[in-house]
Amino acid sequence: MAKIKLTKEQQKYAALGVLLLGGFGYSYFMFFWSPVSQRIADTKKKTEEVEAKIEKATRQAARLPRLEAELVELSQKAVEAERRLPKNKSVPDILVTLSGLADKHHVSLLSFTPGGQTDKPFFIELSYPISVRGSYHNIGRFLAGLALEERIFNVQNVVYAEPGPDGQMQISFTLISYQYKG
């Protein structure tokens, strides 16, 4: 390989060319390449964030029909629960229920007295002393009918009297009804 001999002046021009090329390269990198690549990186990051938000929104939108169905189902369950455990005392409703059951099971409702109430952590117990008259089996059906009602009832302190000559007997008990406290 042959060596190229440069004169002093050519060496100065070559050094100046290398310096100018290096300065141009440095300026190009610092003032053009670096800011543009930084903007590209920032834009790419923002694009990824927006795409992630779009994907999340799409997943949530896909869940919307299922959530709406759950909401409808929960609303129905809330209505059913309120029928079983109402938010108000509703003594007339209780009296209508008792009268209907008494007629259905051939029992005479002799007395119905609104009693006291007991506060519990999540509900209120309402007591109603009641007296009914009927045959042994009809009274049993009447009490079973109370237990099967949609609203929650409980029977306490049942006192049976001796059956009369006509086969009819009288019982007294305390009907417990519940009211939601919420």
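Accessible areas here come from the Shrake-Rupley method with a 1.4 Å probe, and for residues only the protein chains shown count as cover. This is a predicted model, in which local features need pLDDT of at least 70, side-chain atom pairs count only at pLDDT 80 or more, and totals for chains, interfaces and linings use all residues. Residues are numbered from 1 along each chain as its sequence is written, and side-chain values use heavy atoms, with hydrogens and water left out.

Begin with the whole chain as a surface: about 13700 Å² is exposed, 60% of it supplied by carbon and sulfur atoms. The C-alpha atoms fill a box of roughly 145 × 30 × 30 Å along the principal axes.

Next, colour by secondary structure, where helices (H or I, at least four residues) and strands (E, at least two) are DSSP runs numbered from the N terminus. Three helices and five strands appear, in the order α-α-β-β-β-α-β-β.

Now select the aromatic rings. Rings of Phe, Tyr and Trp (its six-membered ring) pair if their centres lie within 6.5 Å; planes under 30 degrees apart count as stacked, over 60 as edge-to-face and the rest as tilted. The structure holds four such pairs. Tyr28 and Phe32 make a tilted one, with 5.2 Å centre to centre and 35 degrees between the planes. Both residues belong to helix H1 (residues 8-84), four residues apart. Add Phe24 to the selection: ring pairs link Phe24, Tyr28 and Phe32 into a cluster.

Move on to Phe112 and Tyr128, a stacked pair with 5.2 Å between centres and 15 degrees between planes. Phe112 lies in strand S1 (residues 108-112) and Tyr128 in strand S3 (residues 123-134), so the pair ties together parts 16 residues apart in sequence.
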